[in-house]
Every structure is written in C-alpha cells, then in structure tokens.
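Visitor: Could you walk me through this chain, one question at a time?
Guide: Gladly, let's look at it together.

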Amino acid sequence: MSVPAANSGAKSPLDAEQGAEREAPEVHPPRNYLFLTIFTCFCPAYPVNIVALVFSVMSVNSYNQGDIEGSERLGRNALYVAIASIIIGLLVIAIYCTVHFTTHVI
C-alpha cells in the first residue's frame with residue numbers, strides 16, 4: 001500500500017469554486033427613495049408624486065431582475081421627481097394660504 005502524499009499545495013476543484021465565490025464583489029442595492037416618494041404622496045401635487053412612486057417601484061423591480069444600472073437611473077429619477085413634487089406641493093400650499101388669508105369678505 002502506498003501512503004498518499006502530504007498536501008503538496010495543489011488546489012482541488014472545490015477550492016477553486018470557493019475562491020471564485022470569495023472574489024465576487026458584493027453589490028449593494030442602489031437607493032430607490034421609496035420612503036421619500038411615499039412621503040410625497042401627502043403633498044398636494046398628485047400627478048407628479050404618483051410618477052415619483054412609480055419610478056421608485058420600477059427601481060426596486062429593476063434591481064430584483066439584476067439590472068443595477070437601470071435601477072440606479074430609475075432611483076435617481078424618483079429622487080428628482082420627488083423633490084419636484086415637494087416643491088410644487090409647498091408652492092400650492094403657499095398660494096392657497098396667501099389667497100385664503102388675503103381676501104376680504106365684506
């Protein structure tokens with residue numbers, strides 16, 4: 001009977017598979033701003049904030065399908081539309097308050 005040689009430094013196929021798994025960079029999901037877009041749904045700019053919510057949900061779906069770049073792009077669009085919705089909502093509230101408190105009923 002022959003004695004098997006000591007570990008000669010050769011890697012087994014199992015080691016190669018584990019090494020490939022260790023080298024793969026971990027991809028964090030891009031920001032989708034879902035909470036911000038849900039918050040904007042309380043602003044009085046309804047068509048705009050619904051579009052922001054749709055972009056945010058599409059960003060989540062793109063990430064789940066493996067499209068990282070598309071998810072980043074849609075998340076960025078959701079952020080821009082959400083900011084526009086907040087600004088429009090604040091303008092609508094300011095105009096409403098200005099008109100309401102400056103009109104004189106005689």
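Visitor: Is Ile83 buried, partly exposed or exposed?
Guide: In this predicted model, Ile83 sits in helix α4, which covers residues 68-102. Buried would need under 20% relative accessible area and exposed would need over 50%. Ile83 has a relative accessible area of 39%, so the class is partly exposed.

Visitor: Which residues make a nonpolar surface patch with Ile83, and what is the area of the patch?
Guide: Residues need over 30% relative accessible area to join a patch, and Ile83 has 39%. Its partners are Ile87, Leu91, Ile95 and Val99, and together the five give a patch of about 460 Å².

Visitor: Let's take Leu91 from that patch. Is Leu91 buried or exposed?
Guide: Leu91 also has its place in helix α4. The cut-off for exposed is over 50%. Leu91 has a relative accessibility of 51%, so the answer is exposed.

Visitor: How far apart in space are Leu91 and Pro44?
Guide: Along the sequence, 47 residues separate Leu91 from Pro44. In space, going from C-alpha to C-alpha, the distance is 9.4 Å.

Visitor: Now for Ser56: is it buried or exposed?
Guide: Ser56 belongs to helix α3, residues 46-64. Leaving out residues up to four places away in sequence, Ser56 touches Asn32, Tyr33, Leu34, Thr37 and Ala78. Its relative accessibility is 0%, and under 20% is the cut-off, so Ser56 counts as buried.

Visitor: What about Pro30, buried or exposed?
Guide: Pro30 is found in the loop between α1 (13-23) and α2 (34-40). Apart from residues up to four places away in sequence, its contacts are Tyr63, Ile68, Ser71 and Glu72. With a relative accessibility of 16%, against a cut-off of under 20%, Pro30 is therefore buried.

Visitor: How far is Pro30 from Ser71, C-alpha to C-alpha?
Guide: Ser71 is one of the residues that Pro30 touches. The two are 41 residues apart along the chain, and their C-alpha atoms are separated by 6.7 Å.

Visitor: How many disulfides does the structure have?
Guide: A disulfide is a covalent bond between the sulfur atoms of two cysteines. For Cys41, the closest cysteine sulfur belongs to Cys43, and at 8.7 Å the gap is too far for a bond. The search of the whole structure gives a count of zero.

Visitor: Staying with cysteines, what is the relative accessible area of Cys41, and what is it for Cys97?
Guide: Cys41 is partly exposed, at 25%. Cys97 is partly exposed as well, and its relative accessible area is 33%.

Visitor: Which residues carry the "transmembrane region" annotation, and how much of each range is helix?
Guide: The unreviewed UniProt entry puts this annotation on residues 33-57 and 78-101. In the model, the end C-alpha atoms of 33-57 are 9 Å apart, while those of 78-101 are 34 Å apart. The helix content is 76% over residues 33-57 and, over residues 78-101, 100%.

Visitor: Stepping back, how many helices and strands does the chain have?
Guide: Read from the N terminus, the elements run α-α-α-α. The count is therefore four helices and zero strands.

Visitor: And what share of the chain's residues counts as buried?
Guide: The accessible surface of the chain is about 8400 Å², with 66% of it belonging to carbon and sulfur atoms. Of the 106 residues, the share that counts as buried is 20%.

Conventions
Residues numbered from 1 in each chain as written. Predicted model: local features only at pLDDT ≥ 70, side-chain atom pairs only at ≥ 80, totals over all residues. Heavy atoms only, no water. Helix = DSSP H or I, 4+ residues; strand = E, 2+ residues; numbered from the N terminus. Buried < 20%, exposed > 50% of the residue type's maximum accessible area, 1.4 Å probe, protein only. Areas by Shrake-Rupley, 256 points an atom, 1.4 Å probe, with all protein chains shown as cover. Patch = residues over 30% accessible without salt bridge, like charges linked within 9 Å, V, L, I, M, F, W, Y side chains within 5 Å. Salt bridge = Lys/Arg side-chain N within 4 Å of Asp/Glu carboxyl O. Contact = heavy atoms within 4.5 Å. UniProt positions renumbered as here; feature names shortened; annotations may be inferred. Disulfide = S-S within 2.5 Å.
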